[in-house]
Every structure is written in structure tokens, then in C-alpha cells.
Amino acid sequence: MTVHSRPARPVLLGQNQYGKAENRVVRITRDGATHHIKDLNVSVSLSGDMDEVHYSGSNANVLPTDTTKNTVYAFAKEHGIESAERFGIHLARHFVTSQEPIHRARIRIEEYAWERIGTSGAGAKATGADEAGHSFVRKGQETRLTQITYDGASWEVVSGLKDLVVMNSTNSEFWGYVKDKYTTLKEAYDRILATEVSGRWRFGWSDDEQEMPDWEESYEQTRTHMLQAFAETYSLSLQQTLYQMGARIIEHRGEIDEVRFSLPNKHHFLVDLEPFGLKNDTADGAVYFAADRPYGLIEATVLRDGCEPRIPVDLTNL
């Protein structure tokens, strides 16, 4: 019998991956009458020996995306959700080690925070309520993020946040910039500085032999240092503030090697009130127009000395 070899392909398959995106999972842990919530949006992406499913349609190496969805929910029950990072590590390890064709797993997680609703004290008893151990209100300050990547040998953990809006109502200036015939912006010596922080930070932890960071403490402390740097920097530019935010994190959190921020400048312009006979002076408390677009967009990476940048320049490609 003659065996015919497959002819060379004029078109080749490039990078590919597949998985189940945005699996919403809420895990309630009961500590007596006090409950705890972990609310995650989990996306699973797998890659490996997947050429044939693209070339011939053979599913022999394909773990169904429905199975990855079921795994997310089963692991939430079996392992609990101590932190988004730890949960992502459990999932990534499982997919790579349990399925031979899968060589790399990437888990992206958004975490939505909740805080307890306080009762009115003795009055709550009259309506049949006990303590506020089971009532929550969704926090709207920011969304916590993490991305876990595992290839069977090493880990990469990049965490962060988005949608955190911050403002300094003073202690910000902007002057001495380049001017040409198209420049109309007036120099400012007392302005509002506001931005919506999108940040990612990469951990030095990459091997199971290393001690794993305390993910929850790390997030809270990183966020605190970032906000303190924003508040305590007398800013002559948003770039300067960005660098101070990243530097404060690197200096105080030894588990983090790299920080990248994308900071849109949420402009606040003094309103011209002279046509109405009113002086709009910042010293007296001014009135501003908050412009949503167009906006300046400031982005940069801050690194620990001796480390290489690995967080993608375009944060949307994370």
C-alpha cells in the first residue's frame, strides 16, 4: 500500500489559543452568622498541541470549553477562593498538568469587592434582623485584576486594578512646556489633577520552590502606597506623579519587580465667568468644567533595578 505524505501547506497556522471567557463565580463562605463573599469574573485561555483541530477539525486534543467552565465552578467549591491569585494558580496548574496536549494556561480574573452593610443597632432586632453579617453593598471604587500564566515549569503573576478615580484639588502645576503656533493652553500654577488609574504590577515569584507572596496583603499594601504617593506628591506633571506612584510601590513591596500605569488626565478647566461679571479665582474656590474627552494619556513602566520589563506596553493586550 502506498503511503502518501501530506503536501506542504502554503499557509501556516500561527499563535492560537482557546478557552472560556468571563465565567462569573460567586463563592459564599459562612463563618457562623457572618458570611464572606468572593465575586470573580474568570477567563481561561489554553494553548499547546492544537494544530490538527485547525487544519483538519480533529478534536482529539481539545478539552471542551464547557469543561473549563465547569472546572472553574468545581474548583471554587473544592479549593475555595482565598485570593484571586491563588485561585488562578490552582486552575492554571490543573489544566497544564492534567491534559498532556495543553502546554500553557493563562487565567485572567477580575474581582469585584463588597463591603458589609451596618445595621442600626437595637432597632434592627425589632424587624427580625440579627447582625449585618450577611448584608453587603457592592464597592464601586475599582476592579481588582490578576493574570496567571503557567507553562508547566514557571509562573508569571501580573496583578493590578482599573477604574480607580483619584483627584488632587491643588498642589499641581503645569507650566514651562514647549509652545508653538498651535499652542493655546495657558500655564497653570494651581490646578486640579485627576486621573482614572489603570495599573498592573508583576511579581518576582515565578517558581514553586520560592515562597509565595501573601496575595491579599500585597494588594492592599500596594494600593495604599500608590494612593499615598498620589496624595503626597506636589505635582509639576502627571508623569512625575506616575513615577512617584510606581517608585513607592517598588521601594516598599519587595515581592514586586515591575509596575506599569496608564493614566488618562481627567482635565478640569476653569470656566470663564467674566461675561457675567464674576472672577473665577482658584484662591477663592473656583468653578471648573470637567471634560471627559479628548484627554491626555500618560503611560509608563517603573522597574526594580536589574529587572527586565515584561508587562505589555499596551495594557489592553494583557
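In this predicted model, strands β1 and β2 (residues 34-48) run antiparallel to each other and are joined over 12 bridges. Within this pair, V26 sits opposite D39 of β2. Strands of a sheet are held to one another by backbone hydrogen bonds, in either a parallel or an antiparallel arrangement.

The pair belongs to an open sheet of eight strands, and following the sheet across gives the order β1-β2-β3-β6-β7-β8-β9-β12, with antiparallel pairing. Its edges are formed by β1 (18-31) and β12 (296-303); each has a single partner strand, so one side of each is left without a neighbour in the sheet. On average, and ignoring direction, neighbouring strands of this sheet are turned by 15 degrees against each other.

Helices lie across the strands as well. Helix α2 (residues 65-78) lies across β1 and β2, and runs at about 15 degrees to β1. Helix α6 (residues 238-252) lies across β8 (193-203), β9 (256-265) and β12, running at about 155 degrees to β9.

Helix α5 (residues 215-232) allows a simple check of helix length. With 18 residues at 1.5 Å a residue, α5 should span 26 Å, and this agrees with its end C-alpha atoms, which are 26 Å apart. Which residues of α5 are buried? They are W215, S218, Y219, T222, R223, H225, M226, A229 and F230. Because these residues cover an arc of only 165 degrees around the axis, they fall on the same side of α5. The cover over the buried residues of α5 includes helices α3 (84-98) and α6, together with strands β6 (143-150), β7 (155-168), β8 and β9.

Key. Residues are numbered from 1 along each chain as its sequence is written. This is a predicted model: local features need pLDDT of at least 70, side-chain atom pairs count only at pLDDT 80 or more; totals for chains, interfaces and linings use all residues. Side-chain values use heavy atoms; hydrogens and water are left out. Two strands pair if DSSP finds at least two bridges between them. Helices (H or I, at least four residues) and strands (E, at least two) are DSSP runs, numbered from the N terminus. Axes are lines fitted to C-alpha atoms, for helices over the stretch in contact, and angles run from 0 to 180 degrees between N-to-C directions. Contact means heavy atoms within 4.5 Å. The expected span of a helix is 1.5 Å times one less than its number of residues. Buried means under 20% relative accessible area, exposed over 50%, partly exposed in between (1.4 Å probe, protein chains only). The arc is that of the directions from the helix axis to the C-beta atoms.
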